[in-house]
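Biologist: I've got a model open and I'd like a close look at one part of it. Could you start with the outside and then walk me in?

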Amino acid sequence: TKMRPQHGVPTLVLAALSLASAQPGQPAFVQPRGGKTGICATKVQGIRTTRSVEEWWLVTAKHCEERCAINAKCTGYEFADFATDHRGYKRCHLQMDTITNTIPATGFTCVLRVCQALTSTPAGFVCTGSPTSPQPNAPAPQPRTTTPQPASASASPLRPANPFTATPPMRATPMPGAAGGAAFAPRGGPPIPQAPVQTAGGQPCRITPQCACCAFVGPGVDLDVLMCKDFRNADLRGRNLEGAIMTDADLTCASFDGGNLKSVSFVNANGEGASFRGIKGEGVYFEDSSIPAADFSGSDLRGAKLELTNLQNSKFDKANMEGVSFIETNNAGVSFTGARGMHTVVFEMVGGGASMGMAA
């Protein structure tokens, strides 16, 4: 996925450009260390994280840059273009802490703001004053606890009538059956290794593509708008859900094995025994969620963010964990056997013990 060129900013600006040396007239937005293709990594009191504090959907890259330009606290922005179907979905993250580098990921662009005072010119935004970041001897920025903000009303789609008011509820307990077990081959990819049978509440799961909300989820779909949250026993293996917003989703016994879950937002999601084996999960986001015994084995989770989430007895075996952040999560009994990139993972105020096994 390509980002539309922004205001004629040169593409060969040196990533090592010092913020303290920003001069009037130079481009106000440049690529950070590591290039601009990837997820923004920031630093809070010396801890490397991938947190952002302001989120906008259905905006263009130009609008994202303009929002950063008018916000004096913005240190740069991350723009994601989920052009996976004829519609395409776009998301803007404004960063408020120092951007240190990028974490490589397709479909993401990270741009660094190099000066505090700037102005718009025909050639693009240029510096007119001092740099954004503190001088080398200045105190480190303080951690922030703000949460992403919803998109503005003017940018949000109209709320349709609720099509689910007449939908009978599914059984609250997992149905008997044999979800998992056999290997699953997602379209266009290698088979996911044989998985253990999913269970929840001590009972085996039985997944079905006819779950209450399975027919309505897709790339970039906002389930807050559709008011559909029931994904119990959902068979979503191999599905493309890139950029979907699945707030308050019930994920009990759901299977997303081999699917595309890049930047999917699971805020306040819950449910035991969900399977995410072998997913493309760069930038996937869990907050205030409870997904005990979830299985992320073999998944690409670069840049994933898990905050205030119960992950008890979950598995991240053989997963790509580069740049993943666990912030105030319950990691009791979590397994990282054979996981890659563990030296880049941020563990901040986590609870419980985790098994690293032979993690790299």
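How much area does the protein chain expose, and what share of it do carbon and sulfur atoms supply? After that, please zoom in on the salt bridges.

Modeller: Sure! This is a predicted model, so local features need pLDDT of at least 70 and side-chain atom pairs count only at pLDDT 80 or more, while totals for chains, interfaces and linings use all residues. Residues are numbered from 1 along each chain as its sequence is written, and side-chain values use heavy atoms, with hydrogens and water left out.

The protein chain exposes about 15,900 Å² (Shrake-Rupley method, 1.4 Å probe), with carbon and sulfur atoms supplying 56% of that area.

Now for the salt bridges (a side-chain nitrogen of Lys or Arg within 4 Å of a carboxyl oxygen of Asp or Glu): the whole structure has 7. In one of them, Arg-91 meets Glu-78 at 3.3 Å, N to O. Arg-91 sits in strand S6 (residues 89-95) and Glu-78 in strand S5 (residues 76-82), so the pair ties together parts 13 residues apart in sequence. Strands here are DSSP runs of E, at least two residues long. Arg-91 is buried (under 20% relative accessible area), at 5%, and Glu-78 is buried too, at 2%.

Another salt bridge joins Arg-232 and Asp-250, 3.7 Å from N to O. These two are 18 residues apart, and the pair links distant parts of the chain. Both are buried, and together with Asp-230 they form a network of salt bridges.

Then there's Asp-235 with Arg-237, whose closest N and O atoms are 2.9 Å apart. Asp-235 counts as buried at 16%, whereas Arg-237, at 30%, is partly exposed (between 20% and 50%).

Terms used
Helix = DSSP H or I, 4+ residues; strand = E, 2+ residues; numbered from the N terminus. Buried < 20%, exposed > 50% of the residue type's maximum accessible area, 1.4 Å probe, protein only.
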